[in-house]
Amino acid sequence: MKTVDEVWELLRWEISARQAVETDLADALGGVLREDVRAPEDQPAFDRSAVDGFVVGAGDSSEVFCIVGEIRAGDGRRHELTAGHALRISTGAAVPAAGEVIMLEDAAESEGMVRFSRRGRDHVRRRGEDARAGDVLVAEGTRLGPGAIALLASVGCIRPKVTRGIDILHVATGNEIVAADANPGPGQIRDSNSPLVAAWARTKRMRLEQKRVGEDAEALRHAIEGRRDVLLVSGGASVGGHDCTAEVLDAAGFEILVTKVAVRPGKPLIVGRRGEEWAFGLPGNPLSHFVCLHVFVDVALTAMQGGSGAPAMFRGPVLADVNGNPRETWWPASEETTGLRPLRWASSGDMTALGTANALVRVPVSGLAAGREAEFIRVT
Ligand code: AMP
Ligand code: MG
């Protein structure tokens, strides 16, 4: 039986990044950036007004100013500032050289003239104050979220280099499972693992194919024919007489590297490798499926996408006692402002915790007392 750290080490060292390709920015969400994107020029590129108001010469101490014009955002003309004259200015408009911006709230206007109740406050976003030309704006290895997409767009990086889409096949096995849109008959349950994986895959820019087969070695053998980057098999990973994932992977030429991990839930985890292809036999129990997906498959996928092969770990206090177990536990929790609220579960088949879980807390064998700091990963 391997430890969680041993499995991470294995995945981190053995999995190499897939090819990087230039992608339309609109399709890059969830992808991992494979180049440092630098500021092509200072950000902002010119002095810009931070408020709506007036602009006058910085050294002009006139009591009252004559309003002689206006600079709106997007106005590219050259404006001169002369003594005793003020120009209206809008937020985002270019500020003329040696101009001082005074906000509307500090101005009193009457009959084409304006007086200011306050001067000397800096209401200009100076050229280069956010970033200097050449600074790294988004670093290689970053998974692109909406904010990074906006930043890339702002500097005209419309074809960022990201890892190509990773091809994944997820096969849900089990005679008892039916599609979520079907009514389960006696002894049947709805397949929730397939929608789980589909939802997870959408956030990571993967190309996912899904199948459902009965608990049958021949059917599984047939379902996994062909090649892809990652193969996920749901169910059949344990030691029951009908659990055939390991045997089928072995027969298909996968070298089986892991069959059990000291983790709760999720002990019966199979990891296999066939050249550059990786296979995971994940326990069918929904909570185990969820934990193994986030704790192990995610690490493999990130390594393939050229990100750091380590899971992103955070720390925070737990808000209640959490029991330990001879295997380390990844406990579903909801992250609140004061800490991590452990959610109730008794069996790896219990699913209600998944409704609100946005974190998995790593609980050591000795357990955790309320208030203790714990490591956790985010699972949103
Ligand atoms: P297995 O890993 O195949 O032994 O399944 C363990 C438990 O998980 C059993 O109670 C199964 O009914 C359940 N299970 C297996 N696959 C799924 C699935 N796709 N969705 C929901 N529950 C499942
Ligand atoms: Mg099964």
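The shell around ligand 1 in this predicted model comprises four nonpolar, eight polar and three charged residues, where Ala, Val, Leu, Ile, Met, Phe, Trp, Tyr, Cys and Pro count as nonpolar, Asp, Glu, Lys and Arg as charged, and the others, Gly among them, as polar. Of the 15 residues around the ligand, Glu176, Asp191, Ser192, Gly236 and Gly284 come nearest; a residue belongs to this group if one of its heavy atoms lies within 4 Å of the ligand.

Polar contacts, defined as pairs of N or O atoms within 3.5 Å, link the ligand to side-chain and backbone atoms. A side-chain N or O atom of Glu176 is 2.5 Å from an oxygen atom of ligand 1. The backbone of Ser192 places an N or O atom 3.1 Å from a nitrogen atom of the ligand, and a backbone N or O atom of Gly236 lies 3.1 Å from an oxygen atom of ligand 1. The protein buries 79% of the 480 Å² that ligand 1 exposes when taken alone, with accessible areas from the Shrake-Rupley method and a 1.4 Å probe.

Ligand 1 sits in the second largest pocket, meaning that more than half of its atoms lie within 2 Å of the pocket's grid points. On a 1 Å grid over the protein atoms alone, a pocket is an open set of points with protein on both sides within 12 Å along at least five of seven lines, whereas a cavity is a set where a 1.4 Å probe fits but cannot get out; lining residues have an atom within 4 Å of a point.

One cavity of 30 Å³ or more is present. The largest cavity has a volume of about 40 Å³, a volume being the space filled by probe spheres set on the points, which are joined across faces, edges and corners. Its lining has three nonpolar, two polar and five charged residues, including Glu100, Asp106 and His123.

Residues are numbered from 1 along each chain as its sequence is written, and chains are lettered from A and ligands numbered from 1 in written order. Local features need pLDDT of at least 70, side-chain atom pairs count only at pLDDT 80 or more, and totals for chains, interfaces and linings use all residues, while side-chain values use heavy atoms, without hydrogens and water.

Note on methods: A polar contact is a pair of N or O atoms within 3.5 Å; within protein, one must be able to donate a hydrogen and the other to accept it, and residues adjacent in sequence count only if both atoms are side-chain atoms.
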